[in-house]
Amino acid sequence: FINDAYHAICDWEGAPWPFLNASTTGVAPMSIADLREIVYVTDTTMDNRLEQATFQDIVDLDPSLEQTGTPERYYINGLTQLLVWPANTSNTLVVRYNKYAPDLALDADVPFIPTRYQSVIVDMAEVLAYQDASDYASAAPKLEAVTARIQRMMTGLLHRANDDPDYIVVTNHDLTGWTGC
């Protein structure tokens, strides 16, 4: 239940948790075992950010998949392999991505979740245990409390750059005579 709870929190509503951010450098094809979601791919050889594409997009552009050259797009083959198009095995790529958290298996394993929030893993495991025992009456209020704690965790970890709000504060100013732009 602990690992299931840990992964449920890490996967919560697709939250881009900062503790799951990672980057790797290499050449294509590149295998990224813990790949959850690509944030961006940069070709540092050409100082160029690559555009995301699907395998179908690439086949539409190059049905034979034989075109080589300077990479313009990246795509994922299977679950963990990053490829570029046009194909290129020499340019250096930097991949910024969100990873999957590994299972906690040993006593010395430490969750990626920051220490101040780690107790929510135990609480979520308790919810899962109640659900497994079909004790939904006990699970429901506990899940509500866990959800509130995860929302606070999201606020604390996902909304840290507040210097440029994307809203306008309406104040009670007299706009008499204002004609606009």
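This passage describes the fold of a single chain, the packing of its helices and several local backbone features.

The model is predicted. Its chain contains four helices and seven strands. From the N terminus onward, these elements are arranged in the pattern α-β-β-β-β-α-β-β-β-α-α. The chain has 181 residues, of which 30% are buried. Among contacts with a separation of 6 or more, 65% are made by residues that lie 24 or more positions apart. The exposed surface of the chain comes to about 11,600 Å², and 51% of this area is supplied by carbon and sulfur atoms.

Two helix pairs, both involving helix 3, were examined. Helix 3 spans residues 119-132 and helix 4 spans residues 136-158; their axes come within 8 Å and cross at roughly 155 degrees. Because angles over 145 degrees count as roughly antiparallel, helix 3 is roughly antiparallel to helix 4. The crossing of this pair is left-handed. On the side of helix 3, the contact is formed by S119, V120, D123, M124, E126, V127, Y130 and Q131, which meet Y136, S138, A139, K142, L143, V146, R149 and I150 of helix 4. Sorted by class, the residues of this contact comprise nine nonpolar, three polar and four charged.

The second pair consists of helix 1 (residues 2-10) and helix 3, whose axes come within 8 Å and cross at roughly 115 degrees. Since the range of 65 to 115 degrees counts as roughly perpendicular, helix 1 and helix 3 are assigned to that arrangement. The crossing of helix 1 with helix 3 is right-handed. Here I2, D4, A5, Y6 and I9 of helix 1 meet V120, I121, M124, A125 and L128 of helix 3. This contact of helix 1 with helix 3 holds nine nonpolar residues, no polar ones and one charged. V120 and M124 of helix 3 are listed in the contact with helix 4 and also in the contact with helix 1.

In the strand portion of the chain, T25 belongs to strand 1 (residues 21-26). The relative accessibility of T25 is 54%, so this residue counts as exposed. Apart from neighbours within four places in sequence, T25 is in contact with M30, T92, L93 and V94. Strand 7 covers residues 93-99. The C-alpha atom of T25 is separated by 9.5 Å from that of T42, a residue 17 residues apart from T25 along the chain.

Several loops carry backbone features of note. The peptide bond from A28 to P29 is cis, and its omega is near -5 degrees. P29 is located in the loop that joins strand 1 to strand 2 (30-31). A cis peptide bond also links W85 to P86, with omega near -10 degrees. P86 occupies the loop between strand 6 (81-85) and strand 7.

Positive phi values occur at D47 and S134, neither of which is a glycine. For D47, phi is about 55 degrees, and the residue sits in the loop between strand 3 (35-43) and strand 4 (48-52). D47 counts as exposed because its relative accessibility is 70%. For S134, phi is about 60 degrees. S134 lies in the loop between helix 3 and helix 4, the pair described above as roughly antiparallel.

Key:
Residues numbered from 1 in each chain as written. Predicted model: local features only at pLDDT ≥ 70, side-chain atom pairs only at ≥ 80, totals over all residues. Heavy atoms only, no water. Buried < 20%, exposed > 50% of the residue type's maximum accessible area, 1.4 Å probe, protein only. Contact = heavy atoms within 4.5 Å. Areas by Shrake-Rupley, 256 points an atom, 1.4 Å probe, with all protein chains shown as cover. Axes fitted to C-alpha atoms, helices over the stretch in contact; angles between N-to-C directions. Parallel < 35°, antiparallel > 145°, perpendicular 65-115°, else oblique. Left-handed = near helix turned anticlockwise from the far one by under 90°. Nonpolar A, V, L, I, M, F, W, Y, C, P; charged D, E, K, R; others polar.
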